[in-house]
Amino acid sequence: MDHPLLLLLSQKVNLSESEKKLGKDYFEPVEYSKNQRIEEEGKIPQYLYFVVSGFVRLYHYNDKGEQLTTHINCPPGFITSYSNFSNQTPSEENLECITDCKLLRITKANLDFLIGQSVSFKDFSISVFQEALTYNEKRARELATLSAEMRYLKLLEEYPELVHHVPMQYIASYLGMNPKSLSRIRKQIIR
C-alpha cells in the first residue's frame, strides 16, 4: 500500500480492500506550484486537501491589508478552512502553497459519500475534525498565554522543518508577531 493517505488511515483504523479502493477512487492527486493560491476568500472551499509533500498555509487580510497567516500545514495532514468546508459557506481565508506541493483532494459531496459508505472513513473523518478543533484551541491558548519567544521555541521543538521551508514573514505572522520581532528573538536564541 503506497497511497500516503491510506498509510495514515491504516495506522488509525482497519480498512478493508473495498475501503482502500474507495479512498483511491475519491481522493484525487493534484500538484501545485510554489505561491499558487488554491482556494480564495469569499468563495466556498471546494476541497479538503491532504498534504503529501510541501507546505500550505491559510491566511486572511486584516483591516490594514496585511496578510495574517492562521495555519501552516506540514505533511502529512489535512488542510482547508474547516468550518466553511463543512458548512459549505464562503471562507474569509485563502489557501496557498508555500512550496511546490503534492496533495490529494476531495469534494464535500465525495467526502460525505465516503463517510456514508465506510464506517472506517467516518471514524477517521471524525478524528480529523476533532484534531483540528483541539489544534485550534491549543493555538488560541498559546497565543494568549505564551511570550513571543516561547511560541517560537515551541514551534522549533514541534515543527523544526518549518524554519527550513517557510519564509520567516509567514512564521512571524503565524506566531502573532512582526518579522522584526522574530528576527530579534532568533538572534537572541543563537547567542
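# A tour of cavities, pocket, sheet and helices

The second largest cavity has a volume of about 80 Å³, and that is where our tour begins. Keep in mind as you click along that this is a predicted model.

**Stop 1: the second largest cavity.** Select Leu9, Phe27, Leu48, Phe78, Leu111, Phe121, Phe124, Ser125, Val128 and Phe129, which line this space. Colour them by class and you will find 9 nonpolar residues, 1 polar and no charged. Helix H5 gives the most to this lining, with 5 residues.

**Stop 2: the largest cavity.** A search of the whole structure finds 3 cavities of 30 Å³ or more, and the largest holds about 190 Å³ of space. To see its walls, select Tyr135, Lys138, Arg139, Glu142, Leu143, Arg151, Lys154, Leu155, Glu158, Tyr159, Tyr174 and Leu175. How do these residues divide by class? Here the lining has 6 nonpolar, no polar and 6 charged residues. Helices H5 and H6 (148-158) each supply at least two residues of it, and H5 gives the most, with 5.

**Stop 3: the largest pocket.** Now turn to the open space. The largest pocket contains about 740 Å³. It is lined by 30 residues, and the ones closest to its centre are His71, Asn73, Phe78, Tyr82 and Tyr135, so select those five to find your bearings. Next, show helix H1 (4-12), strand E5, strand E6 (77-79), helix H3 (82-87) and helix H5, the elements that give two or more residues to the pocket lining. Which of them gives the most? That is H5, with 9 residues. By class, the pocket lining splits into 17 nonpolar, 10 polar and 3 charged residues.

Two of these residues have already appeared on the tour: Phe78 also lines the second largest cavity, and Tyr135 also lines the largest cavity.

**Stop 4: the sheet.** Strand E5 leads us onward. Switch to a cartoon view and pick out the open sheet of 4 strands, ordered E2-E7-E4-E5 with antiparallel pairing. Strands E2 (37-39) and E5 (67-73) are at the edges, each with a single partner strand, so one side of each has no neighbour in the sheet. Look along the sheet to see the twist, which averages 35 degrees from one strand to the next.

Zoom in on the E2 edge. Two antiparallel strands, E2 and E7 (residues 94-97), are joined there by 2 bridges; select Glu39 and you will find its bridge partner in E7, Leu95.

At the other edge, E4 (residues 56-61) pairs with E5 over 6 bridges in the antiparallel sense. Leu58 has His71 of E5 as its bridge partner, and His71 is among the residues closest to the centre of the largest pocket. E4 and E5 form a hairpin with 5 residues between them, and Gly65 in the turn has a positive phi of about 85 degrees.

**Stop 5: helices H4 and H5.** For the last stop, display H4 (residues 108-117) and H5 (residues 119-145), whose axes lie 5 Å apart at an angle of about 120 degrees. The two helices are therefore oblique to each other. Which residues of H4 and H5 meet? Leu114, Ile115 and Gln117 in H4 meet Val119, Phe121, Lys122 and Ser125 in H5. The contact counts 4 nonpolar, 2 polar and 1 charged residues. Keep Phe121 and Ser125 selected: both also line the second largest cavity, which brings us back to where the tour began.

Terms used: Residues numbered from 1 in each chain as written. Predicted model: local features only at pLDDT ≥ 70, side-chain atom pairs only at ≥ 80, totals over all residues. Heavy atoms only, no water. Axes fitted to C-alpha atoms, helices over the stretch in contact; angles between N-to-C directions. Parallel < 35°, antiparallel > 145°, perpendicular 65-115°, else oblique. Contact = heavy atoms within 4.5 Å. Nonpolar A, V, L, I, M, F, W, Y, C, P; charged D, E, K, R; others polar. Pairing = 2+ DSSP bridges. 1 Å grid on protein atoms, 1.4 Å probe; cavity = no way out; pocket = protein on both sides within 12 Å on 5 of 7 lines; lining within 4 Å. Points joined across faces, edges and corners; volume = space filled by probe spheres on them.
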